[in-house]
Amino acid sequence: PGWSLPLVGQDYLEILSAWYCGFGKCCETGDCRIVNNVTGLEADLNGQLHGQHLAKEVVVQAVQEFLQSPRPQKALVLSFHGWSGTGKNFVARMVASHLYRDGLKSECVRVFISLFHFPHHNYVDSYKAQLKKQISETVQLCKQSLFIFDEAEKLHFGLLDAIKPFMARSDEGQVDYRRSIFLFLSNLGGNTINEVALDFWRAGRAREEISMEFLEQRLRLELLQPAENGYARNHLLEENLIDFFVPFLPLEYHHVKLCARDAFLARGLPYTEAALDEVAKMMVFVPKEEKLFSAQGCKSVSQRINYFLP
């Protein structure tokens, strides 16, 4: 669209540049693929991320302040916590798509899934070498890199130790890692987050009253408890390398309906309130007494609308 119209000046140059970069011709440093559209990120989080007032606020503010800093002291490290299906992967993808023209496919973005990329503890030394190499090469290529670690609670503590130097405060050397962003996605802390949300509901208080200060304190205490997984006892916490803990609250019935609405709209399908209710009723809600929170969050909602296709 648009090629049939006369293009002059800056508009022409921008389209030509985008087309040229599409073939990787101008991306020796990866810079031309970086867009850093924080305004768009905030707008899409407001419109598409449901029931997560804390996550929206923390992510937008942290990313914006980091990108605006002319000389950050260290890489930005965000740790996402909450039950499955509450939006952790969704937000990570959205961050990638608004900071880079190619989103998760960008040369400047690397995604690691613990059990997929590092499945065998016997090969930790090999994984450490590979991981260091990939991070170093990405940072050398791109002046701004994004690293996403999904299922972070299942990362071997040796791998976390290997990542630490890239996130710590340091003087600028040959390669500057301080323009990198690290996102850790974990189910750890989900029970604590849910307990806080349930307590507020039982007290007749709106979930929007839950403050970051109150919840982060509870979350940090749980994560610092001795545990078998390497994530909780790793120095990432003790050395304060994590800049922000981002809590994802459990989703309620009306949030699931909003996710169902989005799934219908994404496919260009018509929907009714009755259909949204039917999709929401297919989900399992807990605790047993209150049946307040979706046990799967919004995960599998998009598959469930298949029942309504002709």
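Two aromatic rings, from Phe, Tyr or Trp, count as a pair when their centres lie within 6.5 Å. Keep that cut-off in mind and select Phe-112, Phe-118, Tyr-123, Tyr-127, Phe-149 and Phe-184: together they form one aromatic cluster. The model on your screen is predicted.

**Stop 1: ring pairs**

Across the whole structure, a search finds 11 aromatic pairs. Pick out Phe-166 and Tyr-177 for a look at one of them. Their ring centres are 4.8 Å apart and the planes meet at 75°, so this pair is edge-to-face; planes over 60 degrees apart earn that name. Now show the backbone too. Phe-166 belongs to helix H7 (residues 157–167), while Tyr-177 is in the loop between H7 and strand S4 (180–186), so the pair ties together parts 11 residues apart in sequence. Is Phe-166 buried or exposed? With 8% relative accessibility, Phe-166 counts as buried.

Next, select Phe-200 and Phe-214. Here the centres are 6.1 Å apart and the planes are at 55°, so the pair is tilted. Phe-200 sits in helix H8 (residues 190–202) and Phe-214 in helix H9 (residues 212–223), so this contact ties together parts that are 14 residues apart in sequence. Turn on a surface and compare the partners: Phe-200 is buried, at 9% relative accessible area, whereas Phe-214 is partly exposed, at 36%.

**Stop 2: a charge over a ring**

Move to Phe-66 and add Arg-179. Arg-179 lies over the face of the Phe-66 ring, 5.7 Å from the ring centre.

**Stop 3: the largest pocket**

Colour domain 1 (38–248) and domain 2 (253–308) separately. Both give residues to the lining of the largest pocket, so the pocket lies between them. The space in it comes to about 750 Å³. To find its centre, select Gly-85, Phe-90, Arg-93, Cys-298 and Lys-299, the closest to it of the 30 lining residues. Then highlight helix H4 (88–99), S4, helix H12 (253–266) and helix H14 (301–304), each of which supplies at least two lining residues. Colouring the lining by residue type gives 9 nonpolar, 12 polar and 9 charged.

**Stop 4: the second largest pocket**

About 220 Å³ of space lies in the second largest pocket. Which elements give two or more residues to its lining? They are helix H3 (53–68) and H9. H3 gives the most, with 6 residues. For a closer view, select lining residues including Leu-54, Glu-57, Met-212, Glu-216 and Phe-244. By type, this lining divides into 5 nonpolar, 1 polar and 5 charged residues.

Definitions and conventions. Residues are numbered from 1 along each chain as its sequence is written. This is a predicted model: local features need pLDDT of at least 70, side-chain atom pairs count only at pLDDT 80 or more; totals for chains, interfaces and linings use all residues. Side-chain values use heavy atoms; hydrogens and water are left out. Rings of Phe, Tyr and Trp (its six-membered ring) pair if their centres lie within 6.5 Å; planes under 30 degrees apart count as stacked, over 60 as edge-to-face and the rest as tilted. Helices (H or I, at least four residues) and strands (E, at least two) are DSSP runs, numbered from the N terminus. Buried means under 20% relative accessible area, exposed over 50%, partly exposed in between (1.4 Å probe, protein chains only). A charge sits over a ring if NZ of Lys or CZ of Arg is within 6 Å of the ring centre and within 35 degrees of the ring normal. On a 1 Å grid over the protein atoms alone, a cavity is a set of points where a 1.4 Å probe fits but cannot get out, and a pocket is an open set with protein on both sides within 12 Å along at least five of seven lines; lining residues have an atom within 4 Å of a point. Grid points are joined across faces, edges and corners, and a volume is the space filled by probe spheres set on the points. Ala, Val, Leu, Ile, Met, Phe, Trp, Tyr, Cys and Pro count as nonpolar, Asp, Glu, Lys and Arg as charged, and the others, Gly among them, as polar. Domain bounds come from an automatic or database domain assignment.
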